[in-house]
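Let's take a friendly walk through a protein model, one topic at a time. Keep the structure open beside you and find each place as we come to it.

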Amino acid sequence: AAGGSSTMSATMLCHGLALRDGFAVAEAEMSGLLAGRPRPEVALGARLGRGVVRLWSNDLAGAQRDLAAAATMTGERWTFLGEVNVRVYRAEVAYRAGRWSEALDLAESAASLVDDSDESWLLALPHAVAAFVLAGQGRVDLARLHAEAAAAGADASAFVPARLWAAHASLRVAVA
């Protein structure tokens, strides 16, 4: 029902529903999709999408469950984008829950994956989340380096969400 064999179809559907109709509608749609035992690719995307929506609605326990489940479902079905996203959003859950060492490990591992790829359009999110953690720890110089990498990624992509992540990272560095 989410379309195609892409792991990102259900994720994008979920995010679109969350933005248009609200978190509860998006979560219910993904829960219904998962209850129907979809193909593994669709289940992966639904878990990631629902996990992110739960994070956005501050349901950290629910987000942690979905994103941890998505992380265990990875493999040949997972795209590079999906791998980066699951690590970064798990990092943000850990950050918000006060598990900063875990958050930094996950964010920096995602940033490293992207740094080593030709996918510069993905730089903003992992580097921004790493900057959040480091700024919170008072490690301002390292946080600034990640915020600058996030800004470079945002400039390379010109995507509005990337610019928002980069700006958010710079603001957290400024506050620190």
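## How H6 and H7 cross

In this predicted model, the crossing of helices H6 and H7 is left-handed. H6 covers residues 100-115 and H7 covers residues 124-136. Their axes lie 8 Å apart, and the two helices pack at an angle of about 150°.

Which residues of H6 and H7 make the contact? On the H6 side they are Trp100, Ala103, Leu104, Ala107, Glu108, Ala110, Ala111, Val114 and Asp115. H7 brings Pro126, His127, Val129, Ala130, Val133, Leu134 and Gly136. Sorted by character, the residues of this contact are 12 nonpolar, two polar and two charged.

## The largest pocket

Now turn to the empty space. Rolling a probe the size of a water molecule over the atoms shows where such space is left. The largest pocket holds about 640 Å³ of space. Its lining is made of 19 residues, and those nearest the centre are Asn85, Tyr89, Leu125, Pro161 and Trp165.

Which elements give two or more residues to this lining? They are helix H1 (8-21), helix H3 (40-56), helix H5 (80-96), H7 and helix H9 (160-175). H1 gives the largest share, five residues. By character, the lining of the largest pocket has 16 nonpolar residues, three polar ones and no charged ones.

## Two buried residues of H5

Helix H5 is a good place to look at single residues. Val88 is found in this helix. Is Val88 buried or exposed? Val88 counts as buried, because its relative accessibility is 0%, and the cut-off for buried is under 20%. Leaving aside residues up to four places away in sequence, Val88 touches Ala110, Leu125, Pro126 and Val129. Two of these names may look familiar: Ala110 of H6 and Pro126 of H7 also take part in the contact between those helices. Val88 and Ala128 are 40 residues apart in sequence, yet their C-alpha atoms are 9.5 Å apart in space.

Glu92 is found in H5 too. With a relative accessibility of 6%, Glu92 also counts as buried. Leaving out residues up to four places away in sequence, Glu92 touches Leu55, Val129 and Trp165. Look for Val129 among the residues that H7 brings to its contact with H6, and for Trp165 among those nearest the centre of the largest pocket.

## Arg163 and its neighbours

Next, find Arg163 in helix H9. Its relative accessibility is 38%, so Arg163 counts as partly exposed. If residues up to four places away in sequence are not counted, Arg163 touches Ala154, Asp155 and Ala158. How far apart in space are Arg163 and Ala124, C-alpha to C-alpha? They are 7.5 Å apart, although 39 residues separate them in sequence.

Ala158, one of the residues that Arg163 touches, has a detail of its own. Its phi is near 65°, a positive value in a residue other than glycine. Ala158 is found in the loop between helix H8 (140-157) and H9. At 46% relative accessibility, Ala158 counts as partly exposed.

## Residues in other loops

Where is Asn58, another residue with a positive phi? Asn58 is found in the loop between H3 and helix H4 (60-72). The phi of Asn58 is about 65°, although Asn58 is not a glycine. Asn58 is exposed, with a relative accessible area of 51%, and the cut-off for exposed is over 50%.

Two more loop residues round off the tour. Gly36 has its place in the loop between helix H2 (23-35) and H3. Gly36 is exposed, with a relative accessible area of 57%. Its C-alpha atom is separated by 13 Å from that of Arg47, 11 residues apart along the chain. Asp118 is found in the loop between H6 and H7, the helices whose crossing is left-handed. Asp118 is exposed, with a relative accessible area of 78%. The C-alpha atoms of Asp118 and Ala167 are separated by 23 Å, and the two residues are 49 residues apart along the chain.

Key:
Residues are numbered from 1 along each chain as its sequence is written. This is a predicted model: local features need pLDDT of at least 70, side-chain atom pairs count only at pLDDT 80 or more; totals for chains, interfaces and linings use all residues. Side-chain values use heavy atoms; hydrogens and water are left out. Axes are lines fitted to C-alpha atoms, for helices over the stretch in contact, and angles run from 0 to 180 degrees between N-to-C directions. Helices (H or I, at least four residues) and strands (E, at least two) are DSSP runs, numbered from the N terminus. A crossing is left-handed if the near helix is turned anticlockwise from the far one by less than a right angle, and right-handed if clockwise. Contact means heavy atoms within 4.5 Å. Ala, Val, Leu, Ile, Met, Phe, Trp, Tyr, Cys and Pro count as nonpolar, Asp, Glu, Lys and Arg as charged, and the others, Gly among them, as polar. On a 1 Å grid over the protein atoms alone, a cavity is a set of points where a 1.4 Å probe fits but cannot get out, and a pocket is an open set with protein on both sides within 12 Å along at least five of seven lines; lining residues have an atom within 4 Å of a point. Grid points are joined across faces, edges and corners, and a volume is the space filled by probe spheres set on the points. Buried means under 20% relative accessible area, exposed over 50%, partly exposed in between (1.4 Å probe, protein chains only).
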